Amino acid sequence: MGKPASEFIANHVKVLPKSGIRDFFAIASTMKDAISLGIGEPDFITPWHIREAAIFALEKGKTSYTDNLGMKSLRREISKYVEDNFGVSYNPDNEILVSVGGSEAMDVALRAIISPGDKIMHHSPCFVSYSPSIALCHGVPIEVPTSVESKFSLDINEVKKAWQPGVKAFIINFPTNPTGATISKKDLEALAKFAEEKDFLIISDEIYAELTYEGGHTSIASIKGMKDRVIFIHGFSKAFAMTGFRMGYACGPKEIIDAMMKAHQYAIMCASIISQEAALEALKSGRRDTDFMREKYRQRRDLIVGKFNEFGMDCLMPKGTFYAFPSVKKFNMTSMEAAKAILQEAKVAMVPGSAFGKCGEGFLRASFATSYDNILKAMARLEKILPKLQK
Ligand code: PMP
């Protein structure tokens, strides 16, 4: 016998932790009648006309590969959508890549730009994949802390403090998973100025842009002079409730899109043609669905945030996403201990903030991508057990 299988694993992969969300939900899934506020995806089924477009594609025998960059018709529609909604114009011929979810767009963006040892900044707390994805490309992740004091938005002074020589890019995600934070145009302009001064790229994950409730959404790609410095990442999962279709895209300077295309071409070939046909329909006729879902999320947000604050679990009103981020600091427990206690005592599952980086400690992520009734039920259970936690 040779060495054990584990010995074949690359060192940088061996040391990667598995997602804290998965660990936690493995516990939750063994409990009977637990209510999950842990879900990071819409509870809506993909609108019928979009599903129908996928069915129709199959009926017509559309079962082939597409252009590596994605169907031309879809890239044209993406270009139109991004121009109309984000105010940036991208050439469908060479500045847009259709990917397997926003996730793959982020992965190939990182693989296209990172040489071993390159430093990539991201804010914290943030989506669980950024830091491991950087590490998988042999890059070095650098955290830019955000805090409840600045509503989890970016403080340019913190960005300047975290920056080091050798930083190649900064991943930003507004509205933010897990905090629901947004960022003002003024703050984006300050960031843009600093990115120009220090000459680094911005990778902007704007997957929750359509789920912005207050203050509107500005893309950093639309800030004057920034288009050539930004990789804009978006997708269909959240705005159109299409997680299972695995549809996303990246827009950026043609040289970078071309480099990303190499990684995409060799690993993936192209996104599924059936999903691309569905995505085309979503962009053409899905606006009303997005508006409907956003309104539902807004009602649920107002309910859940109202309840948390009523219970003394201080919670900012998230301006975007479908996540609330209440504090558990008053319980004198870590966020993992609080999440476990709430799961055990109330059978309500929320994600410990620490799963999103050290700046998430002291908070829980509660998803309101679940029905109004479920939220009411979960909050009633939580209220009952709070005296125990507050001891
Ligand atoms: N970015 C963020 C911030 C997310 O929360 C998610 C999904 N939870 C993604 C990207 C990935 O989405 P998808 O691959 O389904 O497009």
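The exercises below, each with a worked solution, concern a predicted model of a protein chain.

**Exercise 1. Overall content and dimensions**

Task: State how many helices and strands the protein chain has, and decide how its radius of gyration stands against the globule rule.

Solution.
1. The secondary structure of the protein chain consists of 13 helices and twelve strands.
2. The radius of gyration is 21 Å, and the globule rule gives 21 Å for 391 residues. The two values are close, so the protein chain is as compact as a globular protein of that length.
3. The C-alpha trace spans about 60 × 60 × 50 Å along the principal axes.

**Exercise 2. The seven-stranded sheet**

Task: Give the strand order of the sheet formed by seven strands, and find which strands stand at its edges.

Solution.
1. The order is S2-S8-S7-S6-S5-S3-S4, in an open sheet with mixed pairing.
2. Strand S2 (96–100) and strand S4 (140–145) each have a single partner strand, so they are the edges, and one side of each is left without a neighbour in the sheet.
3. On average, neighbouring strands of this sheet are turned by 20° against each other, with direction ignored.
4. At the S2 edge, the pairing with strand S8 (residues 247–251) is antiparallel and runs over five bridges. One residue pair that fixes the register is Val 98 with its bridge partner Tyr 249 in S8.

**Exercise 3. The three-stranded sheet**

Task: Carry out the same analysis for the sheet that contains S9, S12 and S11.

Solution.
1. These three strands form an open sheet in the order S9-S12-S11, with antiparallel pairing.
2. The edges are strand S9 (323–324) and strand S11 (351–352); each has a single partner strand, so one side of each has no neighbour in the sheet.
3. S9 pairs with strand S12 (residues 364–367) over two bridges, in the antiparallel sense. Tyr 323 has Ser 367 of S12 as its bridge partner.

**Exercise 4. Two helices packed against H10**

Task: Describe how H3 and H4 pack against H10, and classify each angle.

Solution.
1. Two packed helices are described by the angle between their axes and the distance between the axes.
2. For helix H3 (residues 48–59) and helix H10 (residues 273–285), the axes come within 8 Å and cross at roughly 140°. Angles over 145 degrees would count as roughly antiparallel; H3 and H10 are therefore oblique to each other. The crossing is right-handed.
3. The contact draws on His 49, Ile 50, Ala 53, Ala 54, Ala 57 and Leu 58 of H3, and on Ile 274, Glu 277, Ala 278, Glu 281, Ala 282 and Ser 285 of H10. Sorted by class, the contact of H3 with H10 has eight nonpolar, two polar and two charged residues.
4. For helix H4 (residues 72–86) and H10, the angle is about 30° and the axes are 10 Å apart. Angles under 35 degrees count as roughly parallel, which makes H4 roughly parallel to H10. This crossing is left-handed.
5. On the H4 side the residues are Ser 73, Leu 74, Glu 77, Ile 78 and Tyr 81, and they meet Gln 276, Ala 279, Leu 280, Leu 283 and Lys 284 in H10. The classes in the contact of H4 with H10 are six nonpolar, two polar and two charged residues.

**Exercise 5. The pair H11 and H13**

Task: Classify the packing of H11 and H13 and give the make-up of their contact by class.

Solution.
1. Helix H11 (residues 287–310) and helix H13 (residues 372–389) pack at about 5°, with their axes 10 Å apart. They are therefore roughly parallel to each other.
2. H11 contributes Gln 299, Arg 300, Leu 303, Ile 304, Lys 307, Phe 308 and Glu 310 to the contact, and H13 contributes Tyr 372, Ile 375, Leu 376, Met 379, Leu 382 and Glu 383.
3. By class, this gives eight nonpolar, one polar and four charged residues.

**Exercise 6. Backbone exceptions**

Task: Locate the cis peptide bonds before Pro 125 and Pro 175, and the positive phi of Phe 152.

Solution.
1. Most residues other than glycine have a negative phi, and most peptide bonds are trans.
2. The bond from Ser 124 to Pro 125 is cis, with omega near 0°. Pro 125 lies in the loop between strand S3 (119–124) and helix H6 (130–136).
3. The bond from Phe 174 to Pro 175 is also cis, with omega near -10°. Pro 175 lies in the loop between strand S5 (167–172) and helix H8 (185–198).
4. Phe 152 has a phi near 60°, and its place is the loop between S4 and helix H7 (156–162).

Technical notes: Residues numbered from 1 in each chain as written. Predicted model: local features only at pLDDT ≥ 70, side-chain atom pairs only at ≥ 80, totals over all residues. Heavy atoms only, no water. Pairing = 2+ DSSP bridges. Helix = DSSP H or I, 4+ residues; strand = E, 2+ residues; numbered from the N terminus. Axes fitted to C-alpha atoms, helices over the stretch in contact; angles between N-to-C directions. Parallel < 35°, antiparallel > 145°, perpendicular 65-115°, else oblique. Left-handed = near helix turned anticlockwise from the far one by under 90°. Contact = heavy atoms within 4.5 Å. Nonpolar A, V, L, I, M, F, W, Y, C, P; charged D, E, K, R; others polar. Rg over C-alpha atoms; globule rule 2.2 N^0.38 Å.
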